[in-house]
Amino acid sequence: MSTTDTAALLEDAADRIADISRADLQIMLRRAALRLRNAGSVSMEDDVEDALSDLAGELGMTRNDMIRFIVREWMEKNTYLPVHELDEDGDVDGSA
């Protein structure tokens with residue numbers, strides 16, 4: 001289960017707290033605690049943190065999603081990961 005799924009389940013439970021069973025709530029809270037315990041944080045210098053926060057805000061992403069995006073882009077550009085290629089006949093949704 002992904003972090004987004006866990007967060008969505010917790011938000012849904014919070015919205016209908018009177019309807020959710022105690023056992024289901026315990027399971028969700030334990031999953032959330034496990035994710036928090038296993039989450040690694042990446043600390044940056046203040047100027048990098050500010051730029052990262054501004055960019056994430058502009059693109060409507062979370063800080064962690066922004067870091068994942070930047071690392072993936074860097075790895076693709078430096079050939080550590082295969083680049084996603086568009087075939088010539090594929091759909092590009094109005095952009096190429």
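These legends accompany close-up views of helix 3 and its packing with helix 4. The structure is a predicted model, in which local features need pLDDT of at least 70, side-chain atom pairs count only at pLDDT 80 or more, and totals for chains, interfaces and linings use all residues. Residues are numbered from 1 along each chain as its sequence is written, and side-chain values use heavy atoms, leaving out hydrogens and water.

**View 1. Helix 3 from end to end.** Helix 3 (a DSSP run of H or I, at least four residues, numbered from the N terminus) has 14 residues and reaches 20 Å from its first C-alpha to its last. Just beyond helix 3, take a look at G60, with its positive phi of about 65°.

**View 2. The two sides of helix 3.** Here E49, L52 and A56 are buried (under 20% relative accessible area, 1.4 Å probe, protein chains only). Seen down the helix axis, the buried residues fall within an arc of 65° (taken from the directions from the axis to the C-beta atoms), so they line one face of helix 3. On the other side, D46, D47, D50, D54, G57 and E58 are exposed (over 50%).

**View 3. Helix 3 meets helix 4.** Helix 3 (residues 46-59) and helix 4 (residues 63-77) pack at an angle of about 95°, with their axes (lines fitted to C-alpha atoms over the stretch in contact) 9 Å apart. The two helices are therefore roughly perpendicular (65 to 115 degrees).

**View 4. Residues at the contact.** From helix 3, E49, L52, L55, A56 and L59 meet R63, M66, I67 and I70 of helix 4 (heavy atoms within 4.5 Å). The buried residues of helix 3 pack against helix 4.

Definitions and conventions: Axes fitted to C-alpha atoms, helices over the stretch in contact; angles between N-to-C directions. Parallel < 35°, antiparallel > 145°, perpendicular 65-115°, else oblique. Expected span 1.5 Å × (residues − 1).
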